[in-house]
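Student: I am new to this structure and would be grateful for a close look at a single part of it. Please choose one helix and explain how it relates to its surroundings.

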Amino acid sequence: MTQSRGKNWAAVVVAAGSGTRFGSDCPKQYALLQGRPVLDYTLTTLKTVGPIALVVNPAHQAFYAPVAARYPGLRIVPGGATRQDSVKNGLKSLMDVHPDYVMVHDAARPLLTSNALLRLQTAVEDGTRNATLAIAVNDTLTRGNDVIDRTGVQAVQTPQAFPYALAMEAHDRTSKNYTDDAGLIFGETGEDISFILGEVENFKITTLGDMDRAGRVLLARLPETRTGLGFDVHPFGERPDSGMISLFGASIPSDKSLVGYSDADAGLHAITDAILGTIGAGDIGVLFPPSDMQWKNADSTIFLHKALEILHDRGGILRHVDIMLLAEEPRIGPHRHVILQRLSQILSLPADAIGLKATTAEKLGFIGRSEGLAVQAVATVRLPA
Ligand code: MG
């Protein structure tokens, strides 16, 4: 959509902040927003722009690496002491690309729409040299008791776009600290900045309250609800050496092993198929054929994560799963808490959005004879219109 334009673009995404105002162990740019890291939304929107330099704090590797892995060609750049130093590092890392234009964006603004992005890029393509998204300020502003005249006052957002050479030169030259790059470019070069209409929803996530608000905005952008169905059976084998089996991603005690090509976790297989079913993405056997040696003894969380990734690539999010285990054994009641905790972690869902139930088959059929177990699952997702 935006890449077939006249100028070469690249982007710097600033994600090096520690988010100390956020009141959580996880920096805000990596916190889960409807089951996906904030950064993931940001990169999805920006990936059409061109090469991206993602500026991070290397100490956050456990947070950024899984997200970054989904974006081939992403340049991971260590941040500096300030936001400005981080942007400078990002700009420098693009020297071999030397784009005509560079866009600087905060990772913690995940709700940027492609429309707003396009407005900014179009302004530049049409001849504007320096531009930032900004919105009018509607509230009365005061300093102490003094009301500030808000005529012409705007709240500045990101992304901001500049000629790459100009941004490099200005960043190299300055010894002052600026709060944003539009301010830096104006302060150092005197060149005008054009203010392009931003969006109220393109706010920077700073507090936990912002996360709640972002979650509501996101959900409102996903009007379609769909449900998918999954079902799986695995036979029992001999007692496992460890005395444990993998079921629903948890390790639980069992007198009998589960037989299968992968780790035979029928629970995760049923959930995977239920998720794939919501978007018509085939089934687990199509995506991960048992004829492929690499899936031998594989950890089934791989399959589930792949299904979630496909859902996310379609712009969807998982909202709920409901699960029924049909088995004479093992009894999962005593392990319910552990299983729910594990599923909550794998699915990025709150425990109250996971239904976990079990029934026996009253000694009827293969389940009743304890020859194996079966799992049914239903998944509910939200998708863009
Ligand atoms: Mg299976």
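Tutor: A residue is called buried when its relative accessible area is under 20%, and exposed when that value is over 50%. With that term in place, the helix to examine is H8, in what is a predicted model.

Helix H8 spans residues 266-278. It has 13 residues and reaches 19 Å from its first C-alpha to its last, close to the 18 Å expected at 1.5 Å a residue. The helix is mostly covered, for 12 of its 13 residues are buried. Among them are Ala266, Gly267 and Leu268 at one end, followed by His269, Ala270 and Ile271. Thr272, Asp273, Ala274, Ile275, Leu276 and Thr278 are buried as well. For the chain as a whole, 51% of the 385 residues count as buried.

The surroundings of H8 include a nonpolar core. The largest such core has 43 residues, and Ile271 and Ile275 are listed with Leu318, Ile323 and Leu347 as the residues with the most contacts inside it. Several elements each supply at least two residues of this core: strands S13 (244-247), S14 (250-253), S15 (317-326), S16 (354-359) and S17 (372-383), together with helices H8, H10 and H11 (336-347). The largest share, 7 residues, comes from H8.

Ile271 shows what such a position looks like in detail. Leaving aside neighbours within four places in sequence, Ile271 is in contact with Leu304, Val321, Ile323, Leu343, Leu347 and Ala377. Apart from this core lies another, of 31 residues, which includes Trp9, Leu43, Val49 and Tyr71.

H8 also takes part in a metal site. His269, one of its buried residues, coordinates the magnesium ion through ND1, alongside Asp232 (OD) and His234 (NE2), at 2.1 to 2.3 Å. Along the chain, the donors follow the spacing D-x1-H-x34-H. Asp232 and His234 are buried too.

Helix H10, which also supplies residues to the core, leads to a group of rings. The structure holds 5 aromatic pairs. One of them, Tyr30 with Phe63, is stacked, at 5.7 Å centre to centre and 10 degrees between the planes. This pair links distant parts of the chain, with Tyr30 in the loop between strand S1 (9-15) and strand S2 (32-33), and Phe63 in helix H2 (residues 61-68), 33 residues apart. Tyr30 counts as buried because its relative accessibility is 4%, whereas Phe63, at 33%, counts as partly exposed.

The pair that involves H10 is Phe288 with Phe303, which is tilted: 4.4 Å centre to centre and 35 degrees between the planes. Phe288 lies in the loop between helix H9 (284-287) and helix H10 (301-313), while Phe303 is in H10, 15 residues apart. Phe288 counts as buried because its relative accessibility is 9%, and Phe303 is buried with a relative accessible area of 3%. Ring pairs link both of these residues with Trp295 into a cluster.

Finally, the wider setting. The chain has 12 helices and 17 strands, and its C-alpha atoms fill a box of roughly 80 × 50 × 35 Å along the principal axes. Among contacts between residues at least 6 apart in sequence, 72% join residues at least 24 apart. In summary, H8 is a mostly covered helix that gives the largest share of the 43-residue core, and its His269 is one of the residues that coordinate the magnesium ion.

Key:
Residues numbered from 1 in each chain as written. Predicted model: local features only at pLDDT ≥ 70, side-chain atom pairs only at ≥ 80, totals over all residues. Heavy atoms only, no water. Donors = N, O, S within 2.8 Å, 3.2 Å for Na, K, Ca; no water. Buried < 20%, exposed > 50% of the residue type's maximum accessible area, 1.4 Å probe, protein only. Phe/Tyr/Trp six-rings, centres within 6.5 Å; stacked < 30°, edge-to-face > 60°. Helix = DSSP H or I, 4+ residues; strand = E, 2+ residues; numbered from the N terminus. Core = buried A, V, L, I, M, F, W, Y, C linked by side-chain atoms within 4.5 Å. Contact = heavy atoms within 4.5 Å. Expected span 1.5 Å × (residues − 1).
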